[in-house]
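Okay, everyone, I've got a few minutes on pockets today. Let me put the structure up and then we'll walk through it.

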Amino acid sequence: MLTALCGLLAACSSASIDDYSGTRPSFDLQTYFNGPVTAQGMFQDRSGKVLRRFSVQMNGSWQGDRGVLDEHFIYDDGEKQRRVWTLQKLPDGRYRGTASDVVGQASGRTEGFALFWDYTLRLDGKVYEVRFDDWMYQLDEHTVLNRSVMSKWGVRLGEVTLMFRKGAQP
């Protein structure tokens, strides 16, 4: 009985970026998000219903430990949006970033093939502020999968799923 309870509790705990230590390939933001990258994604509400689909054209450039990631979104209803991230790799291997619709600073850390990135985003022209917990996983040199949980006041609102593609198709 105690073993089953411990297993259940372990299954309910959150993943930690340290869980991915030593995994391959090693996710290097400065390499992956340098040059053009495309992505396709969707937003699902907390019931799992897909509410929006979108594509993203990105271009990243780095000078030393500072980078810019220019994102252009096109949604399935024709809406267009742009976000420009200013990124910085810190001496301890962590990252921080800012964008015009991000409250304060985003912070992140890579370990093995994973990146955990969290931030608060203003939606609908500063009307709503929601938290994003992003998990990105580099599967190979061309592909990164991203799963983001969006919440407000600790309540899960939905998820964003993206597939990033860099360079030529394998």
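Before I list any residues: when I say a residue lines a pocket, I mean that it has an atom within 4 Å of one of the pocket's grid points. And keep in mind that this is a predicted model.

With that, let's take the second largest pocket. Its lining is S14, A15, F116, D133, W135, Y137, R147 and V149. By type that's 5 nonpolar, 1 polar and 2 charged. The space in there comes to about 200 Å³. Which strand gives the most to this lining? That's strand 8, with 3 residues, and strand 9 also supplies at least two.

Now the largest pocket, which holds about 930 Å³ of space. Here we have 41 lining residues, and the ones nearest the centre are Y75, R83, L121, L123 and F132. The split is 27 nonpolar, 4 polar and 10 charged. Plenty of strands chip in at least two residues each, among them strand 1, strand 4 and strand 10, but strand 7 gives the most, with 6.

Last stop, S148, which sits in strand 9, residues 143–152. Buried or exposed? S148 is at 2% relative accessibility, and the cut-off for buried is under 20%, so it counts as buried. Its side chain makes a polar contact of 3.1 Å with the side chain of N146. Further off in sequence, beyond four places, S148 touches F132, D133, D134, G158, E159 and V160. You've met two of those already: F132 is among the residues nearest the centre of the largest pocket, and D133 lines the second largest.

How values were computed: Residues are numbered from 1 along each chain as its sequence is written. This is a predicted model: local features need pLDDT of at least 70, side-chain atom pairs count only at pLDDT 80 or more; totals for chains, interfaces and linings use all residues. Side-chain values use heavy atoms; hydrogens and water are left out. Helices (H or I, at least four residues) and strands (E, at least two) are DSSP runs, numbered from the N terminus. Buried means under 20% relative accessible area, exposed over 50%, partly exposed in between (1.4 Å probe, protein chains only). A polar contact is a pair of N or O atoms within 3.5 Å; within protein, one must be able to donate a hydrogen and the other to accept it, and residues adjacent in sequence count only if both atoms are side-chain atoms. Contact means heavy atoms within 4.5 Å. On a 1 Å grid over the protein atoms alone, a cavity is a set of points where a 1.4 Å probe fits but cannot get out, and a pocket is an open set with protein on both sides within 12 Å along at least five of seven lines; lining residues have an atom within 4 Å of a point. Grid points are joined across faces, edges and corners, and a volume is the space filled by probe spheres set on the points. Ala, Val, Leu, Ile, Met, Phe, Trp, Tyr, Cys and Pro count as nonpolar, Asp, Glu, Lys and Arg as charged, and the others, Gly among them, as polar.
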